[in-house]
Amino acid sequence: MRRTKTGGSGRPGGRGGGALVEVVRGVDALPDGLWRQLAPRDDPMWTRDVFAAMEKGRIGPEGYAYLLLRRGGNVVAVLPLCLFRGLRLDDVVGPRERRTLAPVRRWAPWLLRVPMLFCGNLLGQGHLLCAEPLSGEDARLLVRAVKGFARRERIGTIVFKDFAPDALDAPGAPNAPGALGAPDAPGAPDSPDEPTSLGEALADAGFFTVRSLPDTELTLGYGSFEEYVAALPAKPRRNARSKLRKSAATPGLRTETVADWGPLVPAMLDLYGQVMARADQTLDVLDADFLTALAASTTATAGPGGGQESRLVACFQDDRMVAFLLCLFAGGGAVGARIGLDYELAHEARLYHAVHYAAIRLALERGCRHIRFAQTAYVPKLELGCALVEQTYALTHLRPIRRALLRRLLPPALAGARADALAGAHEARPAPPREPAPEAARAPRDTRATRPGREDEDEDIACPE
């Protein structure tokens, strides 16, 4: 496994203040105990199994690397990297922007291919893996190492992808001196040993922020699936019960939870391909190697305090799979990672809702505290009771002129794509479910939605996934 060391100067092999940054080219080079110590325990997208499967598949990036920040011989932070040698811009923007770029794609497609370095997790929310806040010196050293790595790999554009805003917050008010994205951020803080947010170090290095598409997360804590449905606001509750009945009434349709889902990968790819053919953005596309590796790595120790596990929630019509939702579990968290649908049957049988309701039921049975879903189809997910989880890009280009162009052109383009994706979501958002109160303190259940004639008011909600 090839390794490169970068010290305080940002040059390979150097040292500064007892800290250095080491580059390794595979997650297998990192001790399992170190990964478990630093990675989020309740985020299934951050297990070693997921990263190992990404490296085995061809889902988009041409390469992977991990920056290890060492101080005193100990690894204090890890930052995963994904290398795209020629990412197609028209694959990662919204439909409106894609139509604008159509002539360029037709006559000069090479202009749309841009080398990009993504920092964080290509398939999930971005994190810098560290046990405690970094000192100012360490934060700036890590950011310099990212830029140095990009230069050596001849990649100009750097993106910290889908980080939670508080993971990038710098001291001070927005756009105040030192805040991430401020036009004229000052240099280093007075004391290099003071804790410094990653955002402040990025701002000092010329990065700016843009809001990305939010995640969706459903807070759990209900005693049963029926209790979850009963806690939904009136209209989503009626719709949920109506959709469940319509799925159950579809001839030959059944929903199963499959533990050994490796043999179903070919059928999954067909259904997943139907979804991706309708997707607005295709930064990553899962393949057979990724899915096979992930299926093979499934363990039986998931749950609070346990390891990682995967289950396939699948709908079959007779012997043919017509829908699936791939669910991952770790600690108290669950993720509905990717979906596949047979669109000839999807609307009639309410397949989208069938697999999501089954995933929620499964997460409740496993004692999960929350379940997350993908960054699409916001209206039906908000009807499920999900809340939006805001996320942020931090971007820069190594060349000043191109960095200025990015700062001017990219924010409005991404804001337009975000607005299109969230269209109608504010009207569908219910109050997020809360942790249930103790039994004695609960108010009597509202039974108005179960009166005759109320349950069939199923609002038809389009699901682009």
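This is a guided tour of one protein chain, stop by stop, for use with the viewer open.

**Before you start**

The model is predicted. Keep the numbering simple: residues count from 1 along the chain as its sequence is written.

**Stop 1: the whole chain**

Show the chain as a cartoon. It has 15 helices and 16 strands. Now colour by burial. Of the 465 residues, 54% are buried. Switch to the surface view. The accessible surface comes to about 20,800 Å². Carbon and sulfur atoms account for 53% of that surface.

How far apart in sequence are the residues that touch? Take contacts between residues at least 6 apart in sequence: 74% of them join residues at least 24 apart.

**Stop 2: a cluster of rings**

Select Trp 35, Trp 46, Phe 51 and Tyr 66. Ring pairs link these four into a cluster. The structure holds 11 aromatic pairs.

Start with Trp 35 and Phe 51. Their ring centres are 5.1 Å apart, and their planes meet at 65 degrees. Planes over 60 degrees apart count as edge-to-face, so this pair is edge-to-face. Where do Trp 35 and Phe 51 lie? Trp 35 is in helix H1, residues 32-38, and Phe 51 is in helix H2, residues 48-56. The pair therefore ties together parts that are 16 residues apart in sequence. Both residues are buried.

Now turn to Trp 46. Trp 46 pairs with Phe 51 too, with 5.1 Å from centre to centre. Here the planes are 45 degrees apart, and the pair is tilted. Trp 46 is buried, like Phe 51.

**Stop 3: charges over rings**

Select Arg 278 and Tyr 343. Arg 278 lies over the face of the Tyr 343 ring, at 3.8 Å from the ring centre. Next, select Arg 366 and Phe 329. Arg 366 lies over the face of Phe 329, at 4.5 Å from the ring centre.

**Stop 4: helix H10**

Select residues 288-296, which form helix H10. Which residues of H10 are buried? They are Phe 290, Leu 291, Ala 293, Leu 294 and Ala 295. Show what surrounds them. The buried residues of H10 pack against H2, helix H9 (265-276), strand E11 (308-317) and strand E12 (320-330). You have met H2 already: Phe 51 lies there.

**Stop 5: two leucines in strands**

Select Leu 68 in strand E3, residues 63-71. Is Leu 68 buried or exposed? Its relative accessible area is 2%, so Leu 68 is buried. Show its contacts, leaving aside neighbours within four places in sequence. Leu 68 is then in contact with Leu 20, Val 21, Glu 22, Val 24, Leu 30, Val 75, Ala 77 and Val 78. Draw a distance to Val 24. The two residues are 44 apart along the chain, yet their C-alpha atoms are separated by 7.7 Å.

Move on to Leu 87 in strand E4, residues 74-88. Leu 87 is buried, with a relative accessible area of 6%. Residues up to four places away in sequence are again not counted. Leu 87 touches Val 92, Leu 112, Arg 113, Val 114, Met 116, Phe 118 and Leu 283. Try Glu 62 as well: its C-alpha atom is 9.9 Å from that of Leu 87, and the two are 25 residues apart along the chain.

**Stop 6: the largest cavity**

Turn on cavities. There are 3 of 30 Å³ or more. The largest cavity holds about 80 Å³ of space. Select its lining: Val 92, Arg 211, Ser 212, Leu 213, Gln 281, Tyr 393, Leu 414, Ala 417 and Arg 418. Val 92 also touches Leu 87, from the previous stop. Which helix gives the largest share of the lining? Helix H14, residues 400-421, does, with 3 residues.

**Stop 7: two positive phi angles**

Most residues other than glycine have a negative phi. Two residues are worth a look here.

Select Arg 154, in the loop between helix H4 (136-152) and strand E7 (157-163). Its phi is positive, about 60 degrees, although Arg 154 is not a glycine. Arg 154 counts as exposed, at 74% relative accessibility.

Finish at Ala 377, in the loop between strand E14 (370-373) and helix H13 (378-383). Its phi is also positive, near 50 degrees. Is Ala 377 buried or exposed? At 8% relative accessibility, Ala 377 counts as buried.

Key:
Predicted model: local features only at pLDDT ≥ 70, side-chain atom pairs only at ≥ 80, totals over all residues. Heavy atoms only, no water. Phe/Tyr/Trp six-rings, centres within 6.5 Å; stacked < 30°, edge-to-face > 60°. Helix = DSSP H or I, 4+ residues; strand = E, 2+ residues; numbered from the N terminus. Buried < 20%, exposed > 50% of the residue type's maximum accessible area, 1.4 Å probe, protein only. Lys NZ or Arg CZ within 6 Å of the ring centre and 35° of its normal. Contact = heavy atoms within 4.5 Å. Areas by Shrake-Rupley, 256 points an atom, 1.4 Å probe, with all protein chains shown as cover. 1 Å grid on protein atoms, 1.4 Å probe; cavity = no way out; pocket = protein on both sides within 12 Å on 5 of 7 lines; lining within 4 Å. Points joined across faces, edges and corners; volume = space filled by probe spheres on them.
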